[in-house]
Amino acid sequence: MESDLLPLLRATQSADQNARLSAELSLRQLQGQEAFPVGLSNIAASNDVDQPLRQSALILLKSYVLNNWSAESENHNPTIPVATPTAKEHVRTTLFPLLRSPSSLILRSAAYVIARVAHADYPEQWPTFMDGVMSMMKEGGVGTTGALTILKEFVDEGLAEDQFFGVAPDLVQTLYGIMSTEHVDNTSKSKAVSIFRSCVDLLEMFKDTHAEPIRVFADRSLPPWLEVFCQAVSLPVADPSNPEEVNESLVELQIEALRTINKLRLIFPSHLSRHLTTTFPSLFTALNALTPIYVATPHPSVSTTAEGESITLDVLATEHLEFLSIALGHRAITASLGSDGIPRIISLLSSFAIAREEEEEAWEDDAEKFVGDMGGDVSARWTVRIACGQLVAELAEKREEEVITALLNEVRAAFSDREWRRQESTLFLLGHVVMAEDGDDQEPERYRGMDQLLQQCLSAEQMLLQGRALILAGEVASLWTPEQGVRLIDKCLEAMQPDKGVILRYSGLKGLQRLCSILDKDAMRSHQTHIIDVVSSFVPSKSSDLLSVVLETLTSAIKVDYKASVSSDKVIPLLFEVAASCPGDPWLTGIVGDAFETMARSAGNYIAVCQRALPPLSQFLNGEEQEGLTSVAVELLNSLTAGGLSPLPEGYIAAVLPGLAKVMSTTDDLEVLQSGQEVLRNLVQKDPAQIQAFNDGQHDGLSIVMVILSRCLSSVFEDSAVVFAGPLIVAVIRKFAHSLRPVLPELLKAVAVRISTASQPNCIQSLIGVYAHLSIQQSTTVVDFLKNITIGENTGLEVVLRAWCENFEVFQRYEQIKLNVVALATVFGLQMQELMDIKVKGDLVITQTNRIMTRSARRNNPETWTSIPVPAKIIKLLLHELVSEKNRTGDDDEEEVVSDDEWDEGDANTMEGGMSLGQLAAFADEEDDEDIAEEDDLLKHVHLKDFTVDFFKSSAANNVSSFNELCEHFLTAREKEMLRQAIA
């Protein structure tokens, strides 16, 4: 077989494309032969074959193992025979010695293949695998390297429970032996720590089913591991007298050790808590020792591990800061800091936050990073400096007064030493603290002396320091008197002049943005025109981040005097220019749209806004401007309409409907179709009479709307194209009920047909909403209509009810859920045999098995469900919704979960980002005002929990639709108990 394979492997590396394709085809044809994996493993193991060919053989063998090693392989092709036991044994025996290969490329490639083989075969078909690896580990040198490499691959791939607990005790002990042995090189120790951390990750998966063994493991193993971690991290990575000569292998080891400690906080918080008071002092001392080395190496070298991960002082410092953040969240640590603890930490962070030379160079090329590092999404450019800012903000949440005092003292000390870089870094840290506060909570007394410090910085020669002071002045805008605020606005406007440096201009813009959003509007009135003029000089720009700041500043300036903004020759054209400069940016388009809507609602002269905005919008809609602006035009038209009067100004429909109709009849852009439906809904709700009266010479306004609806409901579009169609159809039915009567059956059938092809729940919810509205008012008529239409092999009633019942549980938005609950309850009350005859999914059938369910096993054994009548399903759905509603409103008896008392976690119900579960629920329930207004006619007096409880009590008392028999036959024991409690 090798004689057949070698020429083909060479051909796959040929420059001739035809030769490569022919060779790849031939190799695929050979995969079904028993000798195929044997030949590849022989080539990979042969020292007489060139290394590139050996690697190619291993790559091809990896693919074979993943696809054809057994019938359980993830991507198994049943047309190709799986490897025979003889071939498997040969591959295992032949490849294992390659773990001692002097070539790191061959070793890693072989390890990857062996790990996948071991996952499939260990322990049943390859019981000697782990013994062989452990034996190799003790050889030292290349043997240890190979063993660690294969273990890393094997553990990272994920182990089944029986595999893991069969090897974990010996494996962890062996890894500890490597880590604690002095003569072992740092690279091997790093790999040992990395494997140990992977084992910890696996323990998290199994701790629910093996809680006691894992607790015993943690009690026994973690203390010695933490001790050796501290010893490793405490070693100096460089001589302070020669800081640029960094021991990179030791840096790698310390990074791995700190990452593992930080991981323990997530998985074993109570265990780490017990040892933190002994761990923290040595690691904090190590961080202090790292400070002068880090500061003295402005251009650190960048190395990478074999896996491609960076080994730099920046990464090491970031891991140190992550641990410091964890430790400062522990009450025993914060209590032990003493009176000088916070100042020491602030001084340390100020050093690490000092701008490095490479950062300054990057800011010269991209000043937005300098401005944006104090806010926004910085995850994509996470640096040591940003980590310091986040950490000081977290610390301020617990000890705000001490942190702010220490920061201000640090700035003063830096001034006395004329260390402008430290001044800038400390202002940077202070900015993170200020940004974490609500502007209304900023107390002048807390920031005493801030104004003098900022004035000094604004007079400095260094552009970075001036810029940081401008940004911070904006962040603390609520502290300034009107006179101080106006002076700072002048400073920002001066810094934004075209002859200033780019960093200073951007900083002035950022400071101005915050000042304009917070300062008293009367004090700013005289500056409004000047602000708009200066801000407009930043447009056009290709940067969406910069333009978002420009727009936010402009929006704040507009709010100073809406009427003056509308009458200005610059404001509305400038908004259009910004929107046109980035037509594919939904964030910017949204800001521009908000500005239009705000002006429309607040200017007091909506007609004047329309006179300035409609001509360019009409041009965009009719394709008279650059390509790609259609979506922007539709979005802005929606904002302008949503904020407008009802009825709309005379001629509004004539100005926008033809262009909108042209767009909606030709576009295939799903976002444009969605936005266009929203525009139509607003038009219909605000001025149906003007639509009814409009005629373009061929069609009246309502006919145009119906043509657009017909196209949107076409199955040629993806489901997302009709997500907003349901509310539009409801609005059309309500506003044009009499005129629509001749075509209403056709429209409702089109909705049912579209439901039959839909698969996305949000699309189904939108369209079901049409029938939900109608069912509440005319349930018998709706059911009779649906049962008399045919869609494929089913009636319309079957299609709609199956989609309704099987997707209800993933419906979103509180008002919409309430609408559907009331509608389903109304349908249930019809007591029609036709409903009883329609069967839908009931409960998931659980198959008891001890077998590990891989993805391929799930694919071969799909889920099965019971089949139950629609009325029974409605009972189940409404019962579960009642429980969810009680949980949502806090009306339940569940015990509150309390966090570990040793850790400062804040509110146990607070999520990352500071939003509580209650706030999140309230946020999720927020609805568009007009949507709520539309629902109010039907549901304004309905309280969901009370309605549902009354439904169950009434249905049980009167046995509506055989309620009691349905409950007895189709509810689970748990559901029956839920119902008993609900009725009780």
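Let me start inside the fold, at I293, which touches V237, A238, P243 and L313 once residues up to four places away in sequence are left out of the count. This residue has its place in helix α13, residues 269–295, and with a relative accessible area of 4% I293 is buried. One of its partners deserves a second look, since I293 and L313 stand 20 residues apart in sequence and 8.8 Å apart in space, taken from C-alpha to C-alpha. Please keep in mind throughout that what we have on the screen is a predicted model.

Now let me step back to the whole chain. The protein chain has 984 residues, of which 52% count as buried, and its secondary structure comes to 51 helices and six strands. If we take the contacts between residues at least 6 apart in sequence, 74% of them join residues at least 24 apart. As for the surface, the chain exposes about 44100 Å², and carbon and sulfur atoms supply 49% of that area.

A second buried position, this time outside the helices, is L159, which lies in the loop between α8 (142–156) and α9 (161–180). Its relative accessible area is 6%, and L159 is therefore counted as buried, the cut-off being under 20%. Setting aside neighbours within four places in sequence, L159 is in contact with H119, F154, F164, V167, L202 and F206. There is also a C-alpha distance to mention here, because L159 and C199, although 40 residues apart along the chain, have their C-alpha atoms separated by 9.5 Å.

Let me turn to two helices, beginning with α37, residues 701–712. At 1.5 Å a residue, the 12 residues of α37 should span 16 Å, and the end C-alpha atoms are 17 Å apart, which agrees with that expectation. Which residues of α37 are buried? They are G701, L702, I704, V705, M706, I708, L709 and C712. What these buried residues pack against is a set of helices, namely α34 (652–666), α35 (670–686), α36 (688–693), α38 (725–735), α39 (737–740) and α40 (744–757).

The other helix is α43, residues 814–828, whose 15 residues reach 21 Å from the first C-alpha to the last, close to the 21 Å expected at 1.5 Å a residue. Of the 15 residues of α43, 14 are buried, so this helix is largely enclosed by the rest of the structure.

That brings me to the internal voids. The count comes to three cavities of 30 Å³ or more, and the largest cavity has a volume of about 50 Å³. Its lining is made up of Y771, S775, V782, V783, L786, L797, V800, L801, W804 and V827. Where does the largest share of that lining come from? It comes from α41, with five residues, while α41 (761–787) and α42 (796–807) each supply at least two residues of the lining. In terms of chemistry, the lining of the largest cavity divides into nine nonpolar residues, one polar residue and no charged residue.

I would like to close with some backbone details, which may be of interest to anyone setting up a calculation. A cis peptide bond joins Y122 and P123, with omega at about 5°, and P123 has its place in the loop between α6 (104–121) and α7 (129–137). Another cis peptide bond joins S646 and P647, again with omega at about 5°, and here P647 is found in the loop between α33 (630–642) and α34.

Then there are positive phi values to report. Q831, although not a glycine, has a positive phi of about 55°; it is found in the loop between α43 and α44 (833–837). Is Q831 buried or exposed? With a relative accessible area of 52%, Q831 is exposed, as the cut-off for that class is over 50%. S962, likewise a residue other than glycine, has a positive phi near 55°, and S962 lies in the loop between α49 (944–958) and α50 (963–970). At 33% relative accessibility, S962 counts as partly exposed.

Methods
Residues numbered from 1 in each chain as written. Predicted model: local features only at pLDDT ≥ 70, side-chain atom pairs only at ≥ 80, totals over all residues. Heavy atoms only, no water. Helix = DSSP H or I, 4+ residues; strand = E, 2+ residues; numbered from the N terminus. Buried < 20%, exposed > 50% of the residue type's maximum accessible area, 1.4 Å probe, protein only. Contact = heavy atoms within 4.5 Å. Areas by Shrake-Rupley, 256 points an atom, 1.4 Å probe, with all protein chains shown as cover. 1 Å grid on protein atoms, 1.4 Å probe; cavity = no way out; pocket = protein on both sides within 12 Å on 5 of 7 lines; lining within 4 Å. Points joined across faces, edges and corners; volume = space filled by probe spheres on them. Nonpolar A, V, L, I, M, F, W, Y, C, P; charged D, E, K, R; others polar. Expected span 1.5 Å × (residues − 1).
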